[in-house]
Amino acid sequence: MTTFQLDKAHSSVAFQVRHMMISKAKGEFTNFDVEVQGDINELESLNVKATIDAASIDTKNADRDNHLRSADFFDVENYPTITFVSESVRKLSDTEYEVTGKLTIRGVTRTETFKVEYNGQVKNPLTGGISVGFDVEGTINREDYGLVWNVALETGGFLVGKEVKILASFEFALS
């Protein structure tokens, strides 16, 4: 069994969503934790639990962040965390995997699958230990989780897109 220690300084959880049908608004969650159990030499054995502090959302716009924390979106007072618990890891190639599990946002739990790129192992020159890295990507429909607030545009379409692209990178120290 490998022990995984998340290196938060070299990890991130970001997202992007269509804005006014013409651009993409981007943001991140600054407070999160990822627990991994299993054998690093058998990635299909890994079990993953990610917990995100929904109030830590940061889109570089305080008014928008406060709106996203409100009952119109994440309702952080009633649903302070977003969680993902893996159910299976499927190998697609030596570096590509699919992780399927239960994603819970705003009290709604659905099965989602994310693509994971395994970036390999390296000896960390600062610590002497082994570090590993993973990139995660996927798309969810925010309305499936009760995040349905929107405004119709005069020219057609809506202010906020339904599809949210998730882009995360994680680095772990192994022992």
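Let's start with one residue. Arg-90 sits in strand β7, which runs over residues 81-91. A word of caution before going on: this is a predicted model.

So, is Arg-90 buried or exposed? Neither, quite. Its relative accessibility is 46%, so Arg-90 counts as partly exposed. Now look at who it meets. Setting aside residues up to four places away in sequence, Arg-90 touches Glu-44, Glu-96, Tyr-97 and Glu-98. The chain also brings a remote stretch alongside. Leu-43 is 47 residues away from Arg-90 along the chain, yet their C-alpha atoms are separated by 8.6 Å.

Move along a little. Leu-92 is in the loop between β7 and β8. Its relative accessible area is 41%, so Leu-92 is partly exposed. Leaving out residues up to four places away in sequence, Leu-92 touches Tyr-97 and Glu-98. Both of those were also on the list for Arg-90. Then there is Lys-115. It is 23 residues from Leu-92 in sequence, and 9.5 Å from it in space, C-alpha to C-alpha.

Leu-92 and Lys-115 take us to a pocket. Both help to line the second largest pocket. How much space lies in that pocket? About 190 Å³. Its lining includes Glu-96 and Tyr-97, along with Val-116, Glu-117, Asp-135, Val-136 and Glu-137. Leu-167, Ala-168 and Ser-169 belong to it as well. Which elements give two or more residues to this lining? They are β8, β9, β10 and β11. By class, the lining divides into 6 nonpolar, 1 polar and 5 charged residues.

Now the largest pocket. Its volume is about 960 Å³. It is lined by 48 residues, and the closest to its centre are Val-13, Ala-14, Phe-15, Phe-29 and Ile-166. What is the lining made of, by class? It has 39 nonpolar, 5 polar and 4 charged residues. Put the two linings side by side on your screen. One has 4 charged residues out of its 48. The other has 5 charged and 6 nonpolar.

Next, the core. The largest nonpolar core has 44 residues. Which of them touch the most other members? Phe-74, Phe-134, Phe-170 and Phe-172. Strand β11 gives the most to this core, with 7 residues.

Take Phe-74 as an example. Not counting residues up to four places away in sequence, its contacts include Phe-29, Ala-54, Ile-57, Leu-68 and Tyr-79. Ile-82, Ile-105 and Leu-147 are on the list too. So are two arginines, Arg-69 and Arg-106. Remember Phe-29: it was also among the residues closest to the centre of the largest pocket.

Arg-106 deserves a stop of its own. It lies in the loop between β8 and β9. Its phi is positive, about 55°, although it is not a glycine. Here is the background. Most residues other than glycine have a negative phi.

There is another residue like that. Met-20 has a phi near 55°, again positive and again not in a glycine. Where is Met-20 found? In the loop between β2, residues 12-19, and β3, residues 23-29. With a relative accessible area of 36%, Met-20 is partly exposed.

Met-20 leads us to Phe-158. Phe-158 is in the loop between β10 and β11. It is partly exposed, with a relative accessible area of 44%. Apart from neighbours within four places in sequence, Phe-158 is in contact with Met-20 and Met-21. It also contacts Asn-150, Val-151, Ala-152 and Leu-153. And here is a long jump along the chain. Phe-158 and His-19 are 139 residues apart in sequence, but 8.1 Å apart in space, C-alpha to C-alpha.

One last residue, for contrast. Ser-131 lies in strand β10. Buried or exposed? The cut-off for buried is under 20% relative accessible area. Ser-131 is at 9%, so it counts as buried. Beyond four places in sequence, it touches Gly-120, Gln-121, Val-122 and Asn-124. It also touches Glu-171, Phe-172 and Ala-173. Phe-172 we met in the core.

To finish, the record. UniProt, in an unreviewed entry, places the feature "domain: Lipid/polyisoprenoid-binding YceI-like" at residues 3-173. Over that range the chain is 5% helix and 61% strand. The end C-alpha atoms of that range are 8 Å apart.

Technical notes: Residues are numbered from 1 along each chain as its sequence is written. This is a predicted model: local features need pLDDT of at least 70, side-chain atom pairs count only at pLDDT 80 or more; totals for chains, interfaces and linings use all residues. Side-chain values use heavy atoms; hydrogens and water are left out. Helices (H or I, at least four residues) and strands (E, at least two) are DSSP runs, numbered from the N terminus. Buried means under 20% relative accessible area, exposed over 50%, partly exposed in between (1.4 Å probe, protein chains only). On a 1 Å grid over the protein atoms alone, a cavity is a set of points where a 1.4 Å probe fits but cannot get out, and a pocket is an open set with protein on both sides within 12 Å along at least five of seven lines; lining residues have an atom within 4 Å of a point. Grid points are joined across faces, edges and corners, and a volume is the space filled by probe spheres set on the points. Ala, Val, Leu, Ile, Met, Phe, Trp, Tyr, Cys and Pro count as nonpolar, Asp, Glu, Lys and Arg as charged, and the others, Gly among them, as polar. UniProt positions are given in the numbering used here, feature names are shortened, and annotations may be inferred rather than shown by experiment. Contact means heavy atoms within 4.5 Å. A nonpolar core is a set of buried Ala, Val, Leu, Ile, Met, Phe, Trp, Tyr and Cys residues joined through side-chain atoms within 4.5 Å.
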